[in-house]
Amino acid sequence: MKKRIVILGGGTGGTLVANRLRRALSPQDAEIVVVDLDDEHVYQPGLLFAPFGPFTVHTRRRLVHARHGALHPGIEFRKALIDHVDLDRNRVLLDNCVWLDYDVLVVATGARPVPERTEGLSADGAAERVHGFYTLRAAERLSRALREFAGGRLVVDVAAMPIKGPVAPLEFCFLADEYFRHRKLREKVELTFVTPLDGAFAKPVLSRTLEGLLRDKGIELVTGFAAGEVDGGGEGPGRLVARDGREVPFDLAVVVPQHAGAAYVQRSGDLGDELGFVRVDPETLRSLAKPDVFALGDATDVPTAKTASVAQSEGEVVAANVGAHLAGRELPARFDGHANFLVDAGSGPASPPGHLEKLAARRLYWHEMLAGRRTAGIDVGALPHTAPSGQDLRP
Ligand SMILES: Cc1cc2nc3c(=O)[nH]c(=O)nc-3n(C[C@H](O)[C@H](O)[C@H](O)COP(=O)(O)OP(=O)(O)OC[C@H]3O[C@@H](n4cnc5c(N)ncnc54)[C@H](O)[C@@H]3O)c2cc1C
């Protein structure tokens with residue numbers, strides 16, 4: 001009998017796993033349905049670069065494509081908000097009151113910033129001097145603020161872990177250094193990177209390299225700073241206030257809020273943990289709640305980095321295991337937990353998004369990665385990020 005595979009989320013992981021499964025399974029054997037709340041697929045690694053140039057209609061065109069266009073023929077796309085999963089009856093409730101039955105469910109609804117977990121932050125960007133770059137709207141607003149910034153204290157803060165694209169805040173510092181040099185303003189800008197971690201990054205080897213780069217570029221590093229409040233209003237400078245009472249003043253703050261899983265996960269029985277990340281076996285990526293549910297990408301509680309390149313590796317595992325599960329076989333594939341990082345240290349002249357390297361990475365993302373094709377070990381998600389001397393910075 002024909003089976004139905006429902007994939008929740010049509011972002012990086014959901015798209016590439018849908019395309020992989022479509023190639024592997026015949027339409028007579030399996031129907032594949034992808035659900036997402038909108039039809040706008042954002043190339044998220046590109047959000048890092050967008051604030052450093054004018055945010056035009058072309059910027060948007062480069063970063064956003066139609067989701068349905070990235071799905072192979074034979075995959076059904078449903079635009080709807082997921083309300084919850086009924087794990088006992090193998091069905092998903094959509095916001096238009098439609099129940100969608102499944103034989104196998106793949107959860108790929110990613111991670112979302114939750115600014116409301118930090119006092120003083122809000123989804124709308126909060127105070128005038130407080131910004132972000134993890135959404136299209138935030139990146140566009142920050143592009144204006146950077147253009148108008150004529151000097152002072154610029155603080156880049158990771159409010160709390162986990163976050164997706166964990167190297168991006170550091171890369172933002174390097175690109176800001178280069179951007180202000182290019183504008184001949186660097187001497188008037190005090191750059192500070194503030195993190196709740198004990199070092200610049202969670203992986204010790206990469207952390208040491210990044211700390212050296214921060215030093216070389218005259219960027220101050222503040223560690224062990226768990227932001228309790230971001231005070232961006234009123235007269236005088238704004239303040240980041242840590243839970244232990246320490247303060248960091250700023251004229252412009254770029255804050256990356258803590259992330260959580262999609263809200264519906266917590267309305268779906270035992271599917272997720274307290275932050276809404278889907279509890280899975282870290283190797284097979286099968287849900288701990290039900291054997292016919294799998295998850296990948298930022299949505300899971302797997303203790304590895306939340307990056308597109310991890311979603312790509314996990315997609316290969318999930319596609320193989322879903323196929324085996326449908327055929328009644330043992331699950332053959334295992335994720336080994338690895339994550340690669342290539343870091344853009346801003347070594348070249350500051351250039352707007354669109355130079356050749358970034359173009360190549362973006363093209364690979366849309367045409368190779370999302371198609372669910374192997375890319376000969378290339379970390380496509382991280383491709384725009386070249387180390388200063390081209391060395392591999394993996395931990
Ligand atoms: C600024 C930035 C820079 C980054 N840089 C890099 C990099 O250099 N290299 C790298 O590898 N990775 C990078 N990343 C991380 C990378 O983009 C993500 O890890 C990757 O996109 C995760 O894929 P995913 O499928 O798990 O989630 P996503 O691609 O985010 O997809 C999740 C989908 O689920 C949908 N969804 C969520 N909730 C619901 C709901 N209730 N109903 C319906 N649909 C829902 C969303 O609309 C979305 O389309 C970066 C991220 C950012 C923000």
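A charge is taken to sit over a ring if NZ of Lys or CZ of Arg is within 6 Å of the ring centre and within 35 degrees of the ring normal. By this criterion, the charged end of Arg91 sits over the ring of Trp99, 3.6 Å from its centre. The charged end of Lys306 is likewise placed over the ring of Phe277, at 4.3 Å from the ring centre. The model is predicted, and local features therein need pLDDT of at least 70, side-chain atom pairs count only at pLDDT 80 or more, and totals for chains, interfaces and linings use all residues. Residues are numbered from 1 along each chain as its sequence is written, and side-chain values use heavy atoms, with hydrogens and water left out.

The largest nonpolar core (buried Ala, Val, Leu, Ile, Met, Phe, Trp, Tyr and Cys residues joined through side-chain atoms within 4.5 Å) has 91 residues. Here, buried denotes under 20% relative accessible area, exposed over 50%, and partly exposed in between, with a 1.4 Å probe and protein chains only. Ile5, Leu8, Leu154 and Phe172 have the most contacts inside this core. Its largest share, nine residues, is supplied by helix α4 (residues 168-182). Because domain 1 (3-110 + 262-344) and domain 2 (115-258) both give residues to the core, it lies between them; the domain bounds come from an automatic or database domain assignment.

Helices (H or I, at least four residues) and strands (E, at least two) are DSSP runs numbered from the N terminus. Of the 15 residues of α4, 13 are buried. The helix reaches 20 Å from its first C-alpha to its last, close to the 21 Å expected, where the expected span is 1.5 Å times one less than the number of residues. Just after α4, Lys184 takes a positive phi of about 60°.

Rings of Phe, Tyr and Trp (its six-membered ring) pair if their centres lie within 6.5 Å; planes under 30 degrees apart count as stacked, over 60 as edge-to-face and the rest as tilted. Nine aromatic pairs are counted by this rule. Tyr43 and Trp366 form a tilted pair, with 6.4 Å centre to centre and 50° between the planes. This pair links the loop between β3 (40-42) and α2 (57-63) with helix α7 (residues 356-369), 323 residues apart. Both Tyr43 and Trp366 are buried. The ring centres of Phe133 and Phe172 are 4.8 Å apart and their planes are at 20°, so this pair is stacked. Phe133 and Phe172 are also buried.
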